[in-house]
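This is a walk through one protein model, starting from a single side chain and working outward. Keep the sequence and the structure side by side while reading.

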Amino acid sequence: MLILSLLKIIFISKSFSTDCQNFDDKLIAAREYFNSFEEIELNMSLRTAFIDNYNKFTKSNEILEADKVVLFMIFDANLWYVFASKNNCLVFWIDLEPDRFVEMIDGGTISKKQGSWR
């Protein structure tokens, strides 16, 4: 919970931003904040799958549009962070448990028999 609170201060107070915050600067801040992590920029197919499924499953009225999605896999926590940008502006970030991230990529097919997680 402390990590989430600090990230809200570092980044934005909501998951979607209307102001252009430099995406590269926000990634630098995230790299400095986390002690042990793996950073992965999602390729086009994974990015498209994540965005499409996020928009499909979200309860938010906001539609995620991004041209770059970066995943921070945190080694000392059970949360991963997804950051998205459009035209190098931070437009979105969310924290997810690793299995929820995988479900977002595969459209929920892994958990179909486990019930809804939304």
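Glu103 has a relative accessibility of 3%, and because buried means under 20%, Glu103 counts as buried. The model in which this is seen is a predicted one. What does the side chain of Glu103 meet in a salt bridge? The partner is Arg100, at 3.0 Å from N to O. Both residues belong to helix H4, and because they are three residues apart, about one helical turn separates them. An α-helix has 3.6 residues a turn, so residues three or four places apart point the same way.

Arg100 also forms a salt bridge with Asp99, where the closest N and O atoms are 3.9 Å apart. Asp99, Arg100 and Glu103 are thereby linked in a network of salt bridges. Asp99 is partly exposed at a relative accessible area of 41%, and Arg100 is partly exposed at 22%, whereas Glu103 is buried.

The structure holds four salt bridges. Another of them joins the side chains of Glu39 and Arg31, at 2.7 Å from N to O. Here Glu39 is partly exposed, with 28% relative accessibility, and Arg31 is partly exposed as well, with a relative accessible area of 35%.

Back in H4, the buried residues are Pro98, Phe101, Glu103, Met104 and Ile105. Against which elements do the buried residues of H4 pack? They pack against H3, E2, E3 and E4. Phe101 shows this in detail: leaving aside neighbours within four places in sequence, Phe101 is in contact with Leu42, Phe50, Leu71, Trp80, Val82 and Leu96. Just after H4, Gly107 takes a positive phi of about 80°.

Phe101 leads on to the nonpolar interior. The largest nonpolar core has 20 residues, and Phe50, Leu64 and Phe101 are those with the most contacts inside it. Two or more residues of this core come from each of helix H3 (44–57), strand E2 (68–74), strand E3 (80–86), strand E4 (89–96) and helix H4 (98–106). H3 gives the largest share, five residues. Apart from this core lies another, of 11 residues, which includes Ala30, Phe34, Val70 and Trp93.

Those elements fit into a chain with four helices and four strands. Along the sequence, the pattern is α-α-β-α-β-β-β-α. The protein has 118 residues, of which 40% count as buried. Of the contacts with a separation of 6 or more, 57% are between residues 24 or more positions apart. The protein exposes about 6900 Å², and carbon and sulfur atoms supply 52% of this area.

Strand E1 offers one example of contacts across the sequence. Ile40 is found in E1, which covers residues 37–41. Its C-alpha is 6.6 Å from that of Phe72, although the two residues are 32 apart in sequence. Beyond its neighbours within four places in sequence, Ile40 is in contact with Val69, Val70, Leu71 and Met73. Ile40 is partly exposed, with a relative accessible area of 32%.

Phe72 takes us to the aromatic residues. The structure holds 12 aromatic pairs. In one of them, the ring centres of Phe72 and Phe83 are 5.4 Å apart and the planes stand at 90°, so the pair is edge-to-face. This pair links distant parts of the chain, with Phe72 in strand E2 and Phe83 in strand E3, 11 residues apart. Phe72 is buried at a relative accessible area of 0%, and Phe83 is buried at 1%. Both are members of one aromatic cluster, together with Tyr33, Phe34, Phe37, Tyr81 and Trp93.

The remaining link is covalent. A search of the whole structure finds one disulfide. Which residues form the disulfide? They are Cys20 and Cys89, with sulfur atoms 1.9 Å apart. The link is left-handed, with -80° about the S-S bond. Cys20 lies in the loop between helix H1 (2–10) and helix H2 (23–33), and Cys89 lies in strand E4, so the disulfide ties together parts 69 residues apart in sequence. Are the two ends buried or exposed? Cys20 counts as exposed, at 56% relative accessibility, whereas Cys89 is buried, with a relative accessible area of 16%.

Terms used
Residues are numbered from 1 along each chain as its sequence is written. This is a predicted model: local features need pLDDT of at least 70, side-chain atom pairs count only at pLDDT 80 or more; totals for chains, interfaces and linings use all residues. Side-chain values use heavy atoms; hydrogens and water are left out. Buried means under 20% relative accessible area, exposed over 50%, partly exposed in between (1.4 Å probe, protein chains only). Contact means heavy atoms within 4.5 Å. A nonpolar core is a set of buried Ala, Val, Leu, Ile, Met, Phe, Trp, Tyr and Cys residues joined through side-chain atoms within 4.5 Å. Accessible areas come from the Shrake-Rupley method with a 1.4 Å probe; for residues, only the protein chains shown count as cover. A disulfide is a pair of cysteine sulfur atoms within 2.5 Å. Rings of Phe, Tyr and Trp (its six-membered ring) pair if their centres lie within 6.5 Å; planes under 30 degrees apart count as stacked, over 60 as edge-to-face and the rest as tilted.
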